[in-house]
There are 2 protein chains.
Amino acid sequence: MARVVVAVMPKPEILDPQGKAVQGALPRLGFTGVTDVRQGKRFEIEIDGEVTDAVIAEVEKMAETLLSNPVIENYTVSVEGQQ
Amino acid sequence: MARVVVAVMPKPEILDPQGKAVQGALPRLGFTGVTDVRQGKRFEIEIDGEVTDAVIAEVEKMAETLLSNPVIENYTVSVEGQQ
């Protein structure tokens, strides 16, 4: 069992209204010093067996076809822990 | 400038319909070997200045009061890069 994490974030040139809403709320709550907030998605995928390069390639394909919209989002795939 | 990342995930005992929908779609798309999928949120917070322990404590407070619902979600705070 191992966990692979896919992080999906809006591309830098894409407006991010959720992130902007958070950023706007922070000063009202007394938090300062934050210059930007971007909000995206995080998927924790539990893999049966070992995480090989082939598995990573499969997860990259999942990220591209199902988990993200490549027109407006970037994704990164990382292995979090082998058990 | 530095980036602090807050990951917000549904607690293990909480049902996660979004994650289940992704998990259900994977075999239909030809992906096998995935035993569980959980979907959460990821916030990338750009901090003005250096990330000190005080800044981390501030971000933890943000995560608890604004970015997550502590009843149903867990969060983790990590520093991604100092520039």
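1. Let's start with salt bridges. In this predicted model, the count over all chains comes to 16 salt bridges. Side chains of opposite charge can pair when their charged atoms come close. A good example to find on your screen is the pair Glu73(A) and Lys41(A), whose side chains meet at 3.9 Å, N to O. Glu73(A) belongs to strand 3 (residues 73-82) of chain A and Lys41(A) to strand 2 of chain A, so this salt bridge ties together parts that lie 32 residues apart in sequence.

2. Now look across the interface. How many salt bridges does the rule find between chain A and chain B? The answer is zero. Polar contacts are another matter: 10 residue pairs are in polar contact between chain A and chain B, with both residues at pLDDT 80 or more.

3. Next, which parts of chain A touch chain B? The elements that each give two or more residues to that side are strand 1 (2-10), helix 1 (17-28), strand 2 (34-47) and helix 2 (53-67) of chain A. Strand 2 of chain A supplies the largest share, 14 residues. Sorted by type, the residues on this side of chain A are 16 nonpolar, six polar and nine charged.

4. The size of an interface is often given as the accessible area lost when the parts come together. Here the area buried between chain A and chain B is about 2,600 Å², and carbon and sulfur atoms give 68% of that area. In chain A, the residues that lose the most area to chain B are Phe31(A), Arg42(A) and Leu66(A), which together make up 22% of what that side buries. As for residue numbers, the contact takes 31 residues from chain A and 31 residues from chain B.

5. Strand 2 deserves a second look. Strand 2 of chain A pairs with strand 2 (residues 34-47) of chain B. Do they run parallel or antiparallel? The pairing is antiparallel, over 13 bridges. To trace one position, find Glu44(A), which stands opposite Arg38(B) in strand 2 of chain B.

6. Finally, consider the symmetry. A rotation of 180 degrees, with 0.0 Å of shift along its axis, superposes chain A on chain B with an RMSD of 0.0 Å. The two copies are therefore related as by a two-fold rotation axis. Both copies use the same surface, since 100% of the contact residues of chain A recur in chain B. Which residue of chain A comes closest to the rotation axis? That is Lys41(A), with its C-alpha at 2.2 Å. You met Lys41(A) in the first point, as the salt-bridge partner of Glu73(A).

Note on methods
Residues numbered from 1 in each chain as written. Chains lettered and ligands numbered in written order. Predicted model: local features only at pLDDT ≥ 70, side-chain atom pairs only at ≥ 80, totals over all residues. Heavy atoms only, no water. Contact = heavy atoms within 4.5 Å. Buried area = accessible area lost by both parts, 1.4 Å probe. Salt bridge = Lys/Arg side-chain N within 4 Å of Asp/Glu carboxyl O. Polar contact = N/O pair within 3.5 Å; in protein donor to acceptor, adjacent residues only side chain to side chain. Helix = DSSP H or I, 4+ residues; strand = E, 2+ residues; numbered from the N terminus. Nonpolar A, V, L, I, M, F, W, Y, C, P; charged D, E, K, R; others polar. Pairing = 2+ DSSP bridges. Least-squares fit on C-alpha atoms with pLDDT ≥ 70 in both.
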